[in-house]
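Biologist: I have a chain open here and would like to go through it with you piece by piece. Could you pull it up so that we can start?

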Amino acid sequence: MSISSFLGTGLLGVDMADDAVRVVELRRRRGKLSCRHYGSSALAAGVMFEGNIEDLQGLADAVRQAYRDSGSGCTRVALAMPATALITHAIRLPAGLPEEQLEILVELEAAQYMPFPLEDASLDFVMLGPAPPLAGQTGSEIDVLLVAARRASVQHRLDAAKAAGLTPVIMDSEALALQAALAQGGWQALSDGGVAYQLAWGLAMHRYAR
């Protein structure tokens, strides 16, 4: 999902883990990020298992409670998919293609790597930059990172957030959100070193075009 239209507005990072739901809202002052609101709600056994949602209503209730616990008034949220639910693959495509043509080629490439029908997948891609030239190559190419997940798995997370009265605007990967949080490091100022809130922090950073 594009984030350009949401910059400058509030954004809540929501981590749906097996043990709890954790939320973080950030603010920036003098170029530094700090925590404006954060909260959590423990999950009952069986609601989530290894990143899979087993009880949608139970998860929605926990999201709602974590949101209330945080004291935030922000309803736009950033969510994440666990690495176990994602398929990633680096591909090379011709440089300089219009976006519409690029999307078609990405879908064609994706069909080769999906262990399930393409119509059951949610796809996204990120252009990584110019690809190193290969021997005998005549035209320039770009490296593209393809990311896919089962559409149902993505939808379950969206449904849980919506059932809690929140509006999902971003779906990220847990690995990238954690990487962003670790690089920024502000979560360390939270109680107990903030380790449990790293993922939610990384998601909340999308407000500032992470």
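Modeller: Let me begin with Glu-141, which counts as partly exposed because its relative accessible area is 21%, and please keep in mind throughout that this is a predicted model.

Biologist: OK, and which residue does Glu-141 form a salt bridge with?

Modeller: The partner of Glu-141 is Arg-92, and the closest N and O atoms of the salt bridge are 2.8 Å apart. This pair links distant parts of the chain, since Glu-141 belongs to strand S9 (residues 141–150) and Arg-92 to strand S7 (residues 86–94), with their positions 49 residues apart in the numbering.

Biologist: And Arg-92, is that one buried, exposed or partly exposed?

Modeller: Arg-92 has 27% relative accessibility and therefore counts as partly exposed. Arg-92 also has Pro-130 at 9.2 Å, C-alpha to C-alpha, although the two are 38 residues apart in sequence. Pro-130 is part of strand S8 (residues 121–130), and with 73% relative accessibility Pro-130 counts as exposed.

Biologist: How many salt bridges does the structure hold?

Modeller: The structure holds four salt bridges, and one of them is the pair of Glu-141 and Arg-92 that we have just discussed. Another joins the side chains of Asp-61 and Arg-64, with an N to O distance of 3.0 Å.

Biologist: How far apart are Asp-61 and Arg-64 along helix H1?

Modeller: They are three residues apart in helix H1, so about one helical turn separates Asp-61 from Arg-64. As for its surroundings, Asp-61 is partly exposed, with a relative accessible area of 37%.

Biologist: What about Arg-22, which residue does its side chain meet in a salt bridge?

Modeller: The side chain of Arg-22 meets that of Asp-19, at 2.8 Å from N to O. Arg-22 is buried, with a relative accessible area of 13%, whereas Asp-19 has 46% relative accessibility and counts as partly exposed. As a general matter, side chains of opposite charge can pair when their charged atoms come close.

Biologist: Let's switch to the inside. Which residues touch the most other members of the largest nonpolar core?

Modeller: That core has 26 residues, and those touching the most other members are Val-14, Met-16, Val-21 and Leu-59. At least two residues of the core are supplied by each of strand S1 (12–16), strand S2 (20–29), helix H1 (56–70), strand S6 (76–81) and helix H3 (151–163).

Biologist: Where does the largest share of the core come from?

Modeller: The largest share comes from H1, which gives five residues.

Biologist: You mentioned S6. Take Met-81, is it buried or exposed?

Modeller: Met-81, which is found in strand S6, counts as buried because its relative accessibility is 2%, where the limit for buried is under 20%. If you look from Met-81 to Leu-118, the C-alpha atoms are 18 Å apart in space, and the two residues are 37 apart in sequence.

Biologist: And from H3, what can you say about Val-154?

Modeller: Val-154 has its place in helix H3 and is buried, with a relative accessible area of 12%. Between Val-154 and Asn-52 the C-alpha distance is 10 Å, while in sequence they are 102 residues apart.

Biologist: New topic, backbone angles. What is phi of Arg-30 near?

Modeller: Phi of Arg-30 is near 50 degrees, which is a positive value in a residue other than glycine. For context, most residues other than glycine have a negative phi. Arg-30 sits in the loop between S2 and strand S3 (32–42), and Arg-30 is exposed, with a relative accessible area of 87%.

Biologist: What about phi of Asp-192?

Modeller: Asp-192, again a residue other than glycine, has a positive phi near 60 degrees. Asp-192 lies in the loop between helix H4 (174–184) and helix H5 (198–204), and is exposed at a relative accessible area of 78%.

Biologist: Last one, the surface. Which residues form the negative surface patch?

Modeller: The negative patch is made by Glu-99, Glu-100, Glu-103 and Glu-107. Of these, Glu-107 lies in helix H2 (residues 99–110) and is partly exposed, its relative accessible area being 44%.

Note on methods: Residues are numbered from 1 along each chain as its sequence is written. This is a predicted model: local features need pLDDT of at least 70, side-chain atom pairs count only at pLDDT 80 or more; totals for chains, interfaces and linings use all residues. Side-chain values use heavy atoms; hydrogens and water are left out. Patches are made of residues with over 30% relative accessible area and no salt bridge: like charges are joined within 9 Å, nonpolar side chains (Val, Leu, Ile, Met, Phe, Trp, Tyr) within 5 Å. Accessible areas come from the Shrake-Rupley method with a 1.4 Å probe; for residues, only the protein chains shown count as cover. Lys and Arg count as positive and Asp and Glu as negative; His and the chain ends are not counted. The place of a charge is taken as NZ of Lys, CZ of Arg, CG of Asp or CD of Glu. Helices (H or I, at least four residues) and strands (E, at least two) are DSSP runs, numbered from the N terminus. Buried means under 20% relative accessible area, exposed over 50%, partly exposed in between (1.4 Å probe, protein chains only). A nonpolar core is a set of buried Ala, Val, Leu, Ile, Met, Phe, Trp, Tyr and Cys residues joined through side-chain atoms within 4.5 Å.
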